[in-house]
Structures are given as structure tokens and as C-alpha cells.
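Trainee: Hi, have you got a few minutes to walk through a model with me?
Mentor: Sure, put it up and ask away.

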Amino acid sequence: MNFKQANRLENLHTSGTRVIMGKCIELESQGIEVTKLTLGEPDFNTPEYIVEACKKSLDAAQTRYTDGSGIPELKKAVCEKLEAENNLHYTPEEVTITTGVAQGMFLGILSTLNEGDEILIPDPVYLTYSEIPNIAGAVIKRYNLLEENNYQIDVDEVRSKITDKTKMLVIVSPSNPTGGVLDLESLEALADIAKENDLLILSDEIYDRFVYDDDQELISIASLPGMKERTIVLNGFSKSMAMTGWRLGYLCAPVNIIEPINRLSFYMTAGTTTFVQHAGVVGLREEDGSIQRMRDEFKKRRDYLVKEINQLRNFRCNNPEGAFYIFMNIKKTGMTSEEFCNYAIDKYRLALIPGSAFGEKGEGYARLSYASSMEVLEKAVSILKEMDKEF
Ligand SMILES: Cc1ncc(COP(=O)(O)O)c(C=O)c1O
């Protein structure tokens, strides 16, 4: 058959992380050990009380279709969580349960953008945001989040990127890949820009529970005056509850925005897995302290890596306030991000993600995930010390 993919997929690229990931698989299949700091996934198992809740749900035969937008108990539990932790006031009809934040991103973008509409995304950013708008035929523009600015926005630069075609602005805070958290000043400036230019905000808050310093508070832009009506909030269970494989997330938006989102979502999935949703209710309502323990452990690892990296001659990093990534500056090596990461894996069996996979402004950086055991991190540091002597 003379098959040709649909035209709408022409600008949908395979992830820029595939070279390094491919090398990891290849080496491991040969029995060679790789020190991997690549995965954006907690190295903890899902807390036992959530697993038990899922088993109970299966035993109770909660295995049938649900309302496409999610079971009422979970939507209610999400509202309670957002009220208690994020100062966000949503009602259950303003919540849709999604198959991970991955589906939330699709819904938020495909339900709102038309061909030719402009979407402003951060540079660097989690790479899905530079792919999905292409399916909608939207035009991607980027605003910079730079190390020298501690990954805060440059207000004038953002304003200069707005045209009469700009419809949506994406925020990911805490950020993948930089670990930066937008401060109140940046958020207020973005809120003003959004209101002045009648923009929608897509706010990805998946790392909201991983903000480490007592003086740093995570603020949702939707909690600022006049912003709920123009914001789509995305959040989920993958990171904060070590539930990546369960594929559970949620999207919140005012009723007029969520109505078309629910229509599209229904035709995509007809709802999220029923017993997973029931486990999610228990996950949100019945803490057993495991999330706090995971957070404390991540903080310990972050502090260790930041200290070690900044003692090296050729590498440095900011203190990332959130998520579980370090964006390490490698510019002194004289290599590009890709060259550096290829060199690290080929010679030292150390796997890192090239910063350039996340956008042009990620060139000169490598992303390290500290969602890996202390033992792995210590090995990685000893390799970085060796590498440091080479440049
Ligand atoms: C910023 C960001 N958003 C969304 C996702 C996808 O999350 P989920 O597993 O809920 O689909 C990730 C995963 O790495 C992420 O880093």
C-alpha cells in the first residue's frame, strides 16, 4: 500500500531525547551499566494506600464506563485539594478528569486554537508544548526563561512577542526542564499581559507539590484577580503521587471553556479508567505521609547535587526551587548540549538529556533528573568530577 501519514502530522516530530534514550537501551541490552539521570519519573513506588484502594475498587467491580468527564467523587476531591493547597476555587463542573496531563495538554490546545492562531510557550520547556500546537496548525512563538534571570520572565520581551493573532500563553511552573518557579512579580506581569491582550493562559502545575524552600510559595496564576476566567489549569497524579503509569490527571477551567473540552475528551477516551479514578479519590483524601517523605528526599538530593556541581570548574547550576530537575550549564566545555551528552554516555556511561531538546535557549545546558537514588547521584557526581578534569 502506498501509505502516507495525514498532513496534520507533518510537523509532529519524534522527541529530541530519543538518541540518548536509544543509547541507554542499546548499552543496557549488552549488559553495560548506565548511570541514568534522564527520567522525569519519581523512583518511588506508588504509595501502598493508593494501590490498596485500586485493588478494593476492582474487587467492588468498579469496572464500567463512567461519565466522560470523570466520576463525581474525584472531581469533588480535586476541588478540595485545589482549595486547600492552591487557593483555587473550582466547582466539580469546572473539572475534567484526564488520562494524564498529557491528555490535558491536547485538550487545552486543540479545543481552543485555530489555524494561524499564535501560542506563546516558554523557551526552554517540556517538549510536548512545542509539538501539539502544530497539529492545530497554530504558530508557536517563544518567550525566554534564562538562567541569568533565575528563569523568571522578561516582561518587555514577552510583550514584544504578542501580536493581534496571539491567543494563548503557556506557563509551566515549577518548570521542566529548569526547575525554576515563577515568582509573584512574573505571574502578575503575565496576568496583566493576558488581560490587556485578551489571552488564554494554559498553566501546567504538575510539579506543584515539589517546591522545596520555605520562603518559596507556589502560586497558581488562576488564583490572581480576574484570571480564573481565562486560565486552563492542568495538574495530575504522575509526579506528586508517583503514579506515572496510572495515567491520571485533571484539567480545570470555567464552564464556557470546559464545555468544548469535555466534548472533545469524550470522543478521545470516553473517560479515564474507572478503578484508577477511585484510587485517585483515596490518593487525594487519605494522605499517609509518603508525599512529604518523597518531597524531603528530593530536597536532600537537590541540595547535594547543587553543592557538588557548583564546586566544579566547568559546570554550574542555579538552585532550582521546584520539580526534580537541574539544568546544568555546560558552556565552558565548548561543546554543544548534544555533543556533551553523547560524549558523557559514550565515554562515561552517564545519561543526561541535552538542554537543546527543550528549545533554542536550552543550548549549552544538560538536564539532570534527581528522581534517582542517592547511590546513582553519587556515581553521577564522581563521573562529573572526572569529566571536569578534561576541559
Ligand atoms: C511539565 C509536564 N507536563 C506534563 C507531563 C506529562 O504528565 P502525565 O504523566 O500526567 O501525562 C510532564 C511529564 O514529564 C511534564 O514534565
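Trainee: Which residue of S7 does Ile201 stand opposite?
Mentor: Ile201 faces Thr231 in S7. Do keep in mind that this is a predicted model.

Trainee: How many bridges join S6 to S7, and do the strands run parallel or antiparallel?
Mentor: There are 4 bridges between S6 and S7, and the two strands run parallel.

Trainee: And what about S5, how does that strand pair with S6?
Mentor: Strand S5, residues 166-172, pairs with S6 in the parallel sense, over 5 bridges. Ile201 turns up here too, as the bridge partner of Leu169. To get from S5 to S6, the chain goes through helix H7, residues 184-196, in a right-handed β-α-β crossover.

Trainee: Which way do the S6 side chains point?
Mentor: Leu200, Leu202 and Asp204 point one way, while Ile201 and Ser203 point the other way. In a regular strand, side chains alternate between the two faces of the sheet.

Trainee: Is S6 largely enclosed or open?
Mentor: Largely enclosed by the rest of the structure, because 5 of its 5 residues are buried. That includes Asp204 and Ser203.

Trainee: OK, switching to helices. Why is H4 described as largely enclosed?
Mentor: H4 covers residues 100-110, and 9 of its 11 residues are buried, so the rest of the structure largely encloses this helix. Among the buried ones are Val101, Gln103, Met105, Phe106 and Ile109, along with the glycines Gly100, Gly104 and Gly108.

Trainee: What do those buried residues pack against?
Mentor: Strands and helices alike: strands S2 (95-98), S6 (200-204), S7 (231-236) and S8 (249-252), plus helices H5 (132-135) and H8 (255-269). So we meet S6 and S7 again, here as packing partners of H4.

Trainee: What is the angle between H2 and H9 where they pack?
Mentor: About 140°, with the axes 8 Å apart; H2 is residues 48-59 and H9 is residues 274-285. That angle makes H2 oblique to H9. The crossing is right-handed.

Trainee: Which residues make that contact?
Mentor: From H2 you have Tyr49, Ile50, Ala53, Cys54, Ser57 and Leu58. On the H9 side, the residues are Phe275, Val276, His278, Ala279, Val282 and Gly283.

Trainee: Now the backbone. Where are the cis peptide bonds you wanted to show me?
Mentor: One runs from Asp123 to Pro124, with omega near 5°. Pro124 sits in the loop between strand S3 (118-123) and H5. Another runs from Asn176 to Pro177, with omega near 25°. Pro177 is in the loop between S5 and H7, within the stretch where the chain crosses from S5 to S6.

Trainee: And which non-glycine residues with positive phi should I look at?
Mentor: Take Ala323, with phi of about 55°, and Arg349, with phi near 60°. Most residues other than glycine have a negative phi, and most peptide bonds are trans.

Trainee: Where do Ala323 and Arg349 lie?
Mentor: Ala323 is in the loop between helix H10 (290-309) and strand S9 (325-329). Arg349 is in the loop between helix H11 (337-348) and strand S10 (350-351).

Trainee: Last one: is Ala323 buried or exposed, and how about Arg349?
Mentor: Ala323 counts as buried because it has 30 C-beta neighbours inside 10 Å. Arg349 has 18 C-beta neighbours inside 10 Å, so this residue counts as partly exposed.

Definitions and conventions:
Residues are numbered from 1 along each chain as its sequence is written. This is a predicted model: local features need pLDDT of at least 70, side-chain atom pairs count only at pLDDT 80 or more; totals for chains, interfaces and linings use all residues. A residue is buried if 20 or more other C-beta atoms lie within 10 Å of its own, exposed if 12 or fewer, and partly exposed in between; C-beta atoms are placed from the backbone. Two residues are in contact if their C-beta atoms, placed from the backbone, lie within 7 Å. Two strands pair if DSSP finds at least two bridges between them. A crossover is right-handed if, with the strands pointing away from the viewer, the path from the first strand over the helix to the second runs clockwise. Axes are lines fitted to C-alpha atoms, for helices over the stretch in contact, and angles run from 0 to 180 degrees between N-to-C directions. Angles under 35 degrees count as roughly parallel, over 145 as roughly antiparallel, 65 to 115 as roughly perpendicular and the rest as oblique. A crossing is left-handed if the near helix is turned anticlockwise from the far one by less than a right angle, and right-handed if clockwise.
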